[in-house]
Every structure is written in C-alpha cells, then in structure tokens.
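Trainee: Could you take me through one part of this model slowly? I would like a close look at the sheet and whatever packs on it.

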Amino acid sequence: MITSIVLIKTSVDRIPETAEKIAALENVSEVYSVTGAHDLIAMVRVTRHDDLADIITGQISKLPGVASTETHIAFRTYSQHDLEAAFAIGLDG
C-alpha cells in the first residue's frame, strides 16, 4: 500500500465543504483541518503510484475551493498501535 500525505490550500470560506468532498473520494482515508500554511491534510492510500495522479491531480485539485496541493509519499510507517500489536503476539491475557 502506498500512502501519500496531501497538503491542501483552500478558500478559507469553503474549508468544511471542501474537506467533506475530499473525504468522500475513494482511496482518501482521512482529511484533517489544520493550522499553519495549509488548510487541510488528506491521507490517500493506493496500491499503484499511477493511481495517485488520478486521485490527487485528477480529482482533489479540481474540486471547487482547492487552491493548491503539495504531495508527500511515505517511505515507511511507524505507529504505536502497530508496535503494541507486534509485541502482543503470543502473549496470553
């Protein structure tokens, strides 16, 4: 699974509506409203790199209210949840 973090600048008056439209897209797992230089962060998970272009440039970037996007691809995932599950394998109780 390929995970991308998409930083999104939107029209300030359309943040909630834009976030809801992005969250409704296939392969978008979460959308966060954030402070800072960007307004939204979307997590996109796909099985093929080619799918990223379809979703990010073909769908997210074309939504009304989206001014710009910046995409980062995750190399590796580190999660406290995953670590706890790995150490719990084989433990009773």
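Mentor: Happily; we will start with the sheet, go strand by strand, and finish on the helix.

A word on the ground rules. This is a predicted model, where local features need pLDDT of at least 70, side-chain atom pairs count only at pLDDT 80 or more, and totals for chains, interfaces and linings use all residues. Residues are numbered from 1 along each chain as its sequence is written, and side-chain values use heavy atoms, with hydrogens and water left out.

The sheet is open and antiparallel, built from four strands in the order S2-S3-S1-S4. Strands here are DSSP runs of E with at least two residues, helices are runs of H or I with at least four, and both are numbered from the N terminus. Two strands pair if DSSP finds at least two bridges between them. Strand S2 (28–33) and strand S4 (66–73) are the edge strands, each with a single partner, so one side of each has no neighbour in the sheet. On average, neighbouring strands are turned by 20 degrees against each other, direction ignored. (Axes are lines fitted to C-alpha atoms, for helices over the stretch in contact, and angles run from 0 to 180 degrees between N-to-C directions.)

Now follow the pairings. S1, residues 2–10, is joined to S4 by seven bridges, and Val-6 stands opposite Thr-71 there. S1 also pairs with S3, again antiparallel, over seven bridges; in S3, the bridge partner of Val-6 is Ala-42. Ala-42 is also the bridge partner of Val-31, within the five antiparallel bridges between S2 and S3. The hairpin of S2 and S3 has six residues between the strands, and Gly-36 takes a positive phi near 110 degrees in it.

S3 itself is mostly covered, with five of its seven residues buried. Buried means under 20% relative accessible area, exposed over 50%, and partly exposed in between, using a 1.4 Å probe and protein chains only.

That brings us to the helix. H1, residues 15–23, lies across S1, S2, S3 (40–46) and S4, and runs at about 165 degrees to S2. Ala-19 sits in this helix, and its 16% relative accessibility is why Ala-19 counts as buried. Leaving aside residues up to four places away in sequence, Ala-19 touches Val-31 and Leu-40, where contact means heavy atoms within 4.5 Å. Ala-19 and Ile-8 are eleven residues apart in sequence, and their C-alpha atoms are 9.7 Å apart in space.
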